[in-house]
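This report describes a ligand site and a pocket, with the cut-offs behind each term.

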Amino acid sequence: MTTYKEFHRHSIESPEQFWGEQAKLVEWQEPYTRVLDYSRPPFSKWFGGGKTNLCHNAIDRHVAARGKQTALIYISTETGEEKRYTYKQLHQEVCSFAAVLQELGVKRGDRVIIYMPMIAEALFAMYACVRLGAVHSVVFGGFAAASLAARIDDAKPKLMITSDAGMRGGKAIPYKHLVDEALKLAEHAPKKVLIVNRGLDREMALVHGRDLDYAELKKAHLKADVPVVWVESGEPSYILYTSGTTGKPKGVQRDTGGYLVALAASMKHIYGAQPGETMFTTSDIGWVVGHSYIVYAPLIHGMTTILYEGLPIRPDAGIWWKIVQEHKVSTMFSSPTAIRVLKKQDPAYLSKYDLSSLRYLFLAGEPLDEPTARWIQDALQRPVIDHYWQTETGWPLLSAMPGIEDTARKFGSPSFPVYGYNVKLLKDDTAEEVGANEKGVVAVLPPLPPGCLSTVWGDDERFVKTYFSFFPQRQVYTTFDWGIRDQDGYYFILGRTDDVINVAGHRLGTREIEEAVQSHAAIAEVAVVGVADQLKGQVPVAFAVVKDPSKVASAAQQSAMEKEVMDAVDHQLGAIGRPARVHFVTLLPKTRSGKLLRRSIQALVEGRDPGDLTTIEDPAALEQISSAVKRG
Ligand code: PRX
């Protein structure tokens with residue numbers, strides 16, 4: 001038995017030896033020639049020369065030994081469906097899907113945008129892409145047409161895959177309709193759209209010659225056996241767009257071999273899970289947690305994965321625990337917001353089911369407050385593990401690692417740096433390391449470990465500029481989070497250093513929301529800030545200046561305009577970005593050089609001291625913010 005500290009030290013001191021050992025957890029069609037090539041800092045290339053395939057490692061590899069084991073359980077409390085796929089059946093479904101993609105001309109290196117609800121076919125589509133060496137980019141269903149169009153223009157896909165509709169709270173939500181709108185806006189619209197029709201949107205219109213029905217095309221490929229396309233370790237497996245400081249989302253590019261090894265190792269060392277067990281991750285396939293811990297990692301590890309379409313409280317707040325009991329879930333992964341939602345319900349639901357199979361509940365995506373952590377841990381009588389990571393890293397950066405050592409946990413802390421990550425807390429001005437209990441920027445000394453983003457899609461310069469140029473003094477990866485390490489070595493995350501906010505675990509850029517607000521023709525200027533919220537962690541609040549103040553002169557006009565602006569955000573960005581409030585002011589607080597003082601606005605709204613205001617252009621602007629907030 002080793003300790004997590006020794007394990008971590010070994011990974012940092014001898015990365016090649018360490019990761020060479022981990023690489024044995026997966027299958028290579030051709031061995032790699034070098035574990036790590038760091039000849040072009042800060043780009044790290046892992047397992048160069050090696051050939052492998054994510055789909056092979058998640059599915060084909062297990063068919064011989066686990067052919068009859070369930071690989072995927074699809075549960076929809078929206079449609080009442082429940083379907084199981086053994087590894088063998090999943091293999092067939094993916095081969096059929098891959099054959100359809102081949103028929104449509106999808107080849108190695110082509111991009112495919114997947115805009116789909118939480119249905120089994122979404123997973124088949126993702127696997128089919130990587131099987132062929134094509135690069136998928138899954139866009140979260142909550143994003144509206146204009147956001148989808150921006151991603152289409154960046155990824156320039158050969159094909160789009162969608163569904164007629166998703167379902168939420170018993171209501172059908174059109175997907176294909178949004179794709180139609182997005183394709184009108186996009187400059188690089190693909191020629192074909194493949195549709196998995198669930199029969200939920202009877203009014204779905206089809207574009208002749210462009211729109212194709214998956215079920216029809218599949219008929220010719222029911223028994224297809226499509227060989228895996230072996231790709232070089234560094235070839236991209238997928239692009240996943242995420243928000244940053246600017247309005248333009250970044251395409252996080254993931255490699256193949258490094259990601260594969262990182263995920264396989266994480267299941268063993270971090271999640272402490274065993275092959276043959278069941279993992280239930282409650283995220284969405286459109287987010288990184290869904291990619292890593294619904295779609296890929298559990299299957300790479302020979303587990304059963306659960307794909308759940310529905311709400312945590314429908315038909316009642318016991319649904320997730322019922323799933324744990326029925327499917328003997330050993331490893332569960334959810335978000336603090338989801339637990340806060342459950343906390344408002346009758347606690348009896350938690351004692352109603354037999355949860356003895358459950359080993360750990362992992363939570364991530366946003367800060368886990370102590371009352372919520374205590375509540376769920378007491379209710380479950382199981383370890384609740386807070387862990388911290390990002391779309392960019394692809395797998396945890398700070399975590400307890402019960403697969404290595406069962407360390408005590410502290411509430412509010414995601415514990416320690418994970419092996420492979422040389423984490424430092426640095427002073428934001430001097431880039432020097434801070435001492436215990438001092439606040440610093442959470443940074444990682446390169447090379448980044450396997451699994452982390454290899455670059456920003458199509459833009460190496462942006463990768464270096466965004467992630468490695470925070471400190472002029474030294475080239476380190478910055479997470480853009482503030483953190484602190486206590487005297488016992490436990491880390492605590494204190495919030496972002498940039499203009500990114502976290503709404504119910506969903507990461508959004510305030511710039512993106514501001515641009516969506518400004519899509520309303522009446523708006524001249526706007527500032528959006530994230531404000532603390534009991535349930536969602538943070539919610540966006542907007543302060544807008546209208547071009548013609550007479551349009552918001554009365555209270556009735558203001559509330560009508562507020563509704564219009566919210567609708568504009570729904571339409572442009574998606575409902576996830578909708579501000580909780582839109583206040584109207586005639587002036588925004590800015591520095592003399594014209595920079596928005598978002599932090600001061602945020603402080604005022606949260607009832608805190610707005611901080612140093614010596615650079616403000618006109619103090620009256622802050623007074624307007626205060627009065628607007630007081631008026632409610
Ligand atoms: O600010 C941190 C917060 O979420 C950001 C990353 O969000 P995203 O790219 O969507 O990836 C989520 C993957 C789990 C981080 O920069 N965050 C994530 N986990 C935690 C967290 N904040 C506090 N505690 C966490 N455990």
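## Pocket and ligand site

β1 (34-40), β2 (43-48) and β25 (455-456) each contribute at least two residues to the lining of the second largest pocket; strands (E, at least two residues) and helices (H or I, at least four) are DSSP runs numbered from the N terminus. The model is predicted: local features need pLDDT of at least 70, side-chain atom pairs count only at pLDDT 80 or more, and totals for chains, interfaces and linings use all residues. Residues are numbered from 1 along each chain as its sequence is written, and side-chain values use heavy atoms, without hydrogens and water.

The largest contribution to this lining, four residues, comes from β2. The volume of the second largest pocket is about 340 Å³. Of its 21 lining residues, Arg 40, Phe 43, Ser 44, Lys 45 and Ser 454 are the closest to the centre.

Around the ligand there are 17 residues, of which His 387, Thr 391, Asp 481, Arg 496 and Arg 507 come nearest. The table gives polar contacts of the ligand (pairs of N or O atoms within 3.5 Å).

| Ligand atom | Partner | Distance |
|---|---|---|
| Oxygen | Asp 481, side-chain N or O atom | 2.5 Å |
| Oxygen | Arg 507, side-chain N or O atom | 2.7 Å |
| Nitrogen | Glu 366, polar backbone atom | 3.4 Å |

The protein covers 95% of the 540 Å² of accessible area that the ligand has on its own (Shrake-Rupley method, 1.4 Å probe). α10 (288-300) and β27 (491-496) are the elements that give two or more residues to the shell around the ligand.

Technical notes. 1 Å grid on protein atoms, 1.4 Å probe; cavity = no way out; pocket = protein on both sides within 12 Å on 5 of 7 lines; lining within 4 Å. Points joined across faces, edges and corners; volume = space filled by probe spheres on them. Near = heavy atom within 4 Å. Polar contact = N/O pair within 3.5 Å; in protein donor to acceptor, adjacent residues only side chain to side chain.
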